[in-house]
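Open the model in your viewer and keep the selection panel at hand. This tour goes stop by stop.

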Amino acid sequence: MDFADVVRRRRMVRNYDPDRPVSSELVDKLLEYAIRAPSAGFSQGWGFLVLDGQADRDRFWEITTEPGDAADSWLHGLRRAPVLIVALSNKQIYLDRYAAADKGWTDKDEARWPVPYWDIDTGFASLMMMLGAVDEGLATCFFGIPPEFTATFRATFDVPDAYTPIGVLSVGYAAPDRPSPSLKRGRRQVSEVVHRGRWGSGG
Ligand SMILES: Cc1cc2nc3c(=O)[nH]c(=O)nc-3n(C[C@H](O)[C@H](O)[C@H](O)COP(=O)(O)O)c2cc1C
């Protein structure tokens, strides 16, 4: 698919065809895309937990949602996704990487970091998968695990404390869904968000 089409077609899809599984080859392809993402100092401090078995997915939904939540329509459709990929970041890998001789931040002081690059890079990797999925005719939605469920999520899936789930990618073949009400906000145009030369100059 033309790259411009991939970008234009990408959207969060919150309902999936329950009768169309995603082949393990395609899942592997997405993960290969993920590891091509850029990362600060080539730290690559990410990890991906693939839940492509029904029992694992059931467990995931059970421990990351409240009992009545399934009635919520977007969650209902999302639960049909045949694959979930949890993207996790590891801050310590970055602190250790930047303490190496070629970087020299031996104090490992987090204040040196303008923003949490470990989360950003894992987000980049997630976007690689989202765009790759569109190119393969698949659909995805990126959503967060509410913080109150993080500890149980780690315990349930044996995730080490060093890894923080930054989001989950549902992957599958699209089924009809309702557009998010958030879209009514409208897309902010280039002229609204771009400043040339100095802030306030307009796009
Ligand atoms: C960091 C992040 C978190 C999001 N969390 C959720 C979520 O919890 N549930 C959901 O339905 N959509 C979630 N979204 C999707 C956004 O609502 C969506 O990207 C936005 O409305 C624009 O729509 P589009 O991606 O389909 O173009 C999230 C998106 C991002 C980037």
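The stops below run from the whole chain to the ligand, then to a strand residue and a surface patch.

**Stop 1: the whole chain**

Show the protein chain as a cartoon. Keep in mind that this is a predicted model. The chain has 8 helices and 4 strands. Trace the chain along its sequence and the order reads α-α-β-α-α-β-α-α-β-α-β-α. Along the principal axes, the C-alpha atoms fill a box of roughly 50 × 45 × 35 Å. Colour by burial next: 37% of the 203 residues count as buried.

**Stop 2: the ligand shell**

Which residues are around the ligand? Select Arg10, Arg11, Met12 and Arg14, then add Trp74, Phe142, Phe143, Gly144 and Leu183. Colour this shell by class. You should find 5 nonpolar, 1 polar and 3 charged residues.

**Stop 3: polar atoms at the ligand**

Stay with the ligand and draw distances.

- Start at Arg14: a polar atom of its side chain lies 2.5 Å from a ligand oxygen.
- Move to Met12. Here a polar backbone atom is 2.8 Å from an oxygen atom of the ligand.
- Finish at Phe142, where a backbone N or O atom lies 3.3 Å from a nitrogen atom of the ligand.

Now switch on the surface. How much of the ligand's accessible area does the protein cover? On its own the ligand has 620 Å² of accessible area, and the protein covers 59% of that.

**Stop 4: Ser170**

Select strand β4, residues 164-172, and pick out Ser170 within the strand. Is Ser170 buried or exposed? Its relative accessibility is 0%, so Ser170 counts as buried. Add Tyr16 to the selection. The side chains of Ser170 and Tyr16 are joined by a polar contact of 2.8 Å.

**Stop 5: a nonpolar surface patch**

Turn to the surface again and select Val115, Ile120 and Phe124. Together these residues make a nonpolar patch of about 220 Å². Zoom in on Val115. Where does Val115 sit in the chain? Look in the loop that runs between α5 (91-97) and α6 (117-135). Val115 counts as partly exposed because its relative accessibility is 36%, and the partly exposed class lies between the 20% and 50% limits.

**Last look**

Put Ser170 and Val115 on screen together. Ser170 is buried in the model, whereas Val115 is partly exposed. Then bring back the ligand, with Arg14 and Met12 each placing a polar atom by a ligand oxygen, at 2.5 Å and 2.8 Å respectively.

Terms used
Residues are numbered from 1 along each chain as its sequence is written. This is a predicted model: local features need pLDDT of at least 70, side-chain atom pairs count only at pLDDT 80 or more; totals for chains, interfaces and linings use all residues. Side-chain values use heavy atoms; hydrogens and water are left out. A residue is near a molecule or strand if one of its heavy atoms lies within 4 Å of it. A polar contact is a pair of N or O atoms within 3.5 Å; within protein, one must be able to donate a hydrogen and the other to accept it, and residues adjacent in sequence count only if both atoms are side-chain atoms. Accessible areas come from the Shrake-Rupley method with a 1.4 Å probe; for residues, only the protein chains shown count as cover. Ala, Val, Leu, Ile, Met, Phe, Trp, Tyr, Cys and Pro count as nonpolar, Asp, Glu, Lys and Arg as charged, and the others, Gly among them, as polar. Patches are made of residues with over 30% relative accessible area and no salt bridge: like charges are joined within 9 Å, nonpolar side chains (Val, Leu, Ile, Met, Phe, Trp, Tyr) within 5 Å. A salt bridge is a side-chain nitrogen of Lys or Arg within 4 Å of a carboxyl oxygen of Asp or Glu. Helices (H or I, at least four residues) and strands (E, at least two) are DSSP runs, numbered from the N terminus. Buried means under 20% relative accessible area, exposed over 50%, partly exposed in between (1.4 Å probe, protein chains only).
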